[in-house]
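Biologist: Please take a close look at a single residue and its contacts, and then connect that view to the rest of the model for a student who is new to the subject.

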Amino acid sequence: MQFKREEKNRASFLDNLNEAQRAAVEFCDGPSLVIAGAGSGKTRVLTYKIAWLLEQGLPPYYLLALTFTNKAAREMKSRIAELVGEKQARRLWMGTFHSIFSRILRNEAEAIGFQSNFTIFDATDSKNLIKLIIRELELNDKQYRPGTVHNQISNAKNRLITPSMYAANSEIIDNDRQARLPAISEIYSSYQQRLRAANSMDFDDLLLYTNILFRDHAEILERYRNQFQFILVDEYQDTNFAQHLIVTQLAEKHHRVCVVGDDAQSIYSFRGANIDNILNFKTNYPETRVFKLEQNYRSTQNIVNAANSLIKKNSEQIFKEIFSTNDVGEKIEVKSAFSDFEEGLIVANKISRMRMEKHSPYSDFAILYRTNAQSRIFEEALRKNNIPYRIYGGLSFYQRKEIKDVISYFRMIVNPNDEEAFRRIINYPSRGIGDVTVGKITHAAQRQQVSLWQVVAAPASYSLNVNAGTARKIEAFHTLISSFIEQNKSLNAFELAQEVIRRSGIAAEAYEDMTPEGMSRTQNIQELLNAMSEFASTRQEQGEENRLADFLSEVSLLTDQDTDSEAENEKVTLMTVHAAKGLEFRHVFVVGMEEELFPYAMARTGMRGLEEERRLFYVAITRARESCTITYAKSRFRNGQINPARKSRFLKDIDPTYLNMDRQTAADLPQSAETDDFWGSMRRNRLEKERSITPKKRAAPLQQTYSSIPLSKEAKELQEGDIIEHERFGRGVVTAIEMGGSDRRAFVDFESAGKKQLLLKFARFTIVGRSG
DNA sequence: TAACACTTGTTTTTT
DNA sequence: ACAAGTGTTA
């Protein structure tokens, strides 16, 4: 009796959970998989489970909790702190894969041949270095686009394929050859060497090297295995192979691992996420207990039912029946607009109206789109209507040029071998060291297998051949950085940052620049200093390290999602659907529901891609608590032209019972690309034009729509049966030419690259003959 | 070296 | 349409 009461008191917070949630929280003797439908209280389960484990007496530093974003980690930590106290919460090993394992890698750096002060390359740094290597190898950088190459390397790393494995894998090498990119293997290996020489890692390396560390050092793996008695992973559907293997390795002994996720919300396969990780979890651990959270507490029944009917169209999924006992709610309204411009107005107007009618503050509204480029049109419409908004995504604060430049100084101070940082600041602010000199330094460094910094530190011993004036400038740069390194021994992050800004000449340059852009740059730098000041003082208060290296390792892994420090009240949220994952809003607008845009044209290849796009749409709809509005436009400004647009095929995947679509919209010609050819859309647009009440307004864009796009002579003359030589795909036979939308496309069967569709206004090729 | 004009490609989502 | 990259000039 007494025992029971005690038990009940101890875990009284469990009363806030439903049966399934509670069962998931209380099970901790083996592997478990929590399938958490949208809005089913997943975060609550995770936080309560952690609190529960701590109450059971598990010391916080024995618990490893991995999340997808820093923001999720922060939020969860603070909610746990509310349950079990700040002191315990702070000692949890909780964060993103990248932040947790960079911490571990710094501790164990020696074992894998790095120094613990290694710096982290972001995607821009990686691409810059790759571009440099491509040039050094004298490859054509039109053919080898840094982005493409980086993608390929990133994919390899996510599958734990090292440069030597890459080179030895005939399948991959064949593929690269087919794609006419046979040198990727060489670029990859060179890239990896350069990163190592720079004592730097890119994002993917943090996972790759963790795996290498665990593979090659059994004793280290053993230590972490023992430490992490319980492992929790959030958003498991979005883990890639590298992440999956880390978890598997750490959990191998005790099998106390709980993964939480929703296969229906897997939307990151482009980044290597493998939905099979969650689908096959049970196979991995046969004794797995599966808990399904199927009650949606977030949304109205209509929204839940509509989303269910949509996701049913996907083939691969774990069975579950998500339901809501909330109000039935309004149907999802589907609205069509004549143009993207009008779409913006419709949304802005509806927000204004709903705000009054429903007494909703602006912060209750979100506009979700597929691509960041769509934000502009909504910005304009909202501004015109005096509606305050906040855009998430796009360029993050830490990716702005001026911030990256300042941060590059920090990187040089912490890790002078950092090649990218060196390149950014060697002539910033300009100190008369140009490309030629940097080229010479690079060359010397390459020749003697040292870093750029080492050459600059001892030009003579690496026989750097520059004139006396340049030598003096290099010496001055070396002295400057050296003195910062010296000061770094005594100053905290903020103090040192002030020194850097002042003595490097950044401050002088910034204050001189009175152009609006210049002032905004100065402001951003000031903002960075403020952030550092805050960092230094809070860290100090908590008795933690507040040196430059600590600041740097923290911000290297931050993204825009994490920078929303100010309380953004009374503003409409604009973001991509990806960025909205995990969030909820009372009123959601899902915009641009058009073929080629959503599903996105490039992501549409194959079933797999299409299903992921459908899941993305599912994520978008399930962000809504009370109302959801879907819009699309019949013409859209894209790449400098107005293009006709068709409503998305996904709209017919939703059970019409849950939709509110006016007759006109419902009758809009839908999706079948085969019948919806150029002439069909031309006729429809003509009709609309004639019916139009404000022909003047519409005349201009329509004219542009069909104005002739200048085609190359080759493209004009091209006909079926021609044999062409394409810049990238090689030789092929034209099997058909057709008008798709407003563009002429050629269907070509290439000898090595297979069947491709080419947009004639973009394609670059020559006609080399005709086939029989 | 830096400022400018011209050309080119672009076309997803992001830890 | 626009941004980024290239080439030309002072």
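Modeller: Leaving aside neighbours within four places in sequence, Asn302 is in contact (heavy atoms within 4.5 Å) with Val328, Gly329, Glu330, Lys331 and Tyr658. This is a predicted model, in which local features need pLDDT of at least 70 and side-chain atom pairs count only at pLDDT 80 or more, while totals for chains, interfaces and linings use all residues. Residues are numbered from 1 along each chain as its sequence is written, chains are lettered from A and ligands numbered from 1 in the order in which they are written, and side-chain values use heavy atoms, with hydrogens and water left out.

Asn302 belongs to helix α17, which covers residues 301-311. Helices (H or I, at least four residues) and strands (E, at least two) are DSSP runs, numbered from the N terminus. The relative accessible area of Asn302 is 6%, and it therefore counts as buried. Buried means under 20% relative accessible area, exposed means over 50%, and partly exposed lies in between, with a 1.4 Å probe and protein chains only.

The wider setting is chain A, which contains 34 helices and 22 strands. Of its 772 residues, 52% count as buried. When contacts in chain A between residues at least 6 apart in sequence are considered, 74% of them join residues at least 24 apart.

Thr239 is another buried residue, because its relative accessibility is 2%. Its place is the loop between β6 (230-233) and α14 (241-251). Residues up to four places away in sequence being left out, Thr239 touches Phe97, Val233, Gly272, Ala273, Asn274 and Asn277. A polar atom of the Thr239 side chain also lies 2.8 Å from the backbone oxygen of Tyr236. This pair is a polar contact: two N or O atoms within 3.5 Å, where, within protein, one must be able to donate a hydrogen and the other to accept it, and residues adjacent in sequence count only if both atoms are side-chain atoms.

Other loops contain residues with notable backbone geometry. In the loop between α14 and β7 (257-261) one finds His255, which has a positive phi of about 55 degrees although it is not a glycine. The relative accessible area of His255 is 23%, so this residue is partly exposed. Ser463, in the loop between α23 (452-457) and α24 (468-487), likewise has a positive phi, near 40 degrees, and is not a glycine. Its relative accessibility of 48% makes Ser463 partly exposed. Two cis peptide bonds may be added. One joins Tyr428 and Pro429, with omega about -10 degrees, and Pro429 lies between α21 (419-425) and α22 (435-448). Another joins Phe598 and Pro599, with omega about 15 degrees, and Pro599 lies in the loop between β13 (585-590) and α30 (606-621).

The packing of helices comes next. Two packed helices are described by the angle between their axes and the distance between the axes. Axes are lines fitted to C-alpha atoms, for helices over the stretch in contact, and angles run from 0 to 180 degrees between N-to-C directions. Helix α25 (residues 493-503) packs against helix α27 (residues 516-541) at an angle of about 155 degrees, with the axes 8 Å apart. The two helices are therefore roughly antiparallel; angles under 35 degrees count as roughly parallel, over 145 as roughly antiparallel, 65 to 115 as roughly perpendicular and the rest as oblique. Ala493, Phe494, Ala497, Gln498 and Ile501 of α25 meet Ile525, Leu529, Met532, Ser533, Phe535 and Ala536 of α27. By class, this contact has 9 nonpolar, 2 polar and no charged residues. Here Ala, Val, Leu, Ile, Met, Phe, Trp, Tyr, Cys and Pro count as nonpolar, Asp, Glu, Lys and Arg as charged, and the others, Gly among them, as polar.

Helices α11 (residues 184-197) and α12 (residues 203-216) cross at roughly 85 degrees, and their axes come within 13 Å. The helices α11 and α12 are therefore roughly perpendicular. Tyr188, Gln192, Leu195 and Arg196 of α11 and Asp205, Leu208 and Tyr209 of α12 make the contact. The residues of this contact divide into 4 nonpolar, 1 polar and 2 charged.

Finally, the model includes DNA strand C, and the residues around it (a heavy atom within 4 Å) are Lys131, Arg135, Arg376, Phe637 and Gly640. Of the atoms of DNA strand C that come within 4 Å of the protein, 69% belong to sugar and phosphate. A polar side-chain atom of Lys131 lies 3.0 Å from a phosphate oxygen of the strand, and an N or O atom in the side chain of Arg135 is 3.2 Å from a phosphate oxygen of DNA strand C. By class, the surface near the strand has 1 nonpolar, 1 polar and 3 charged residues.
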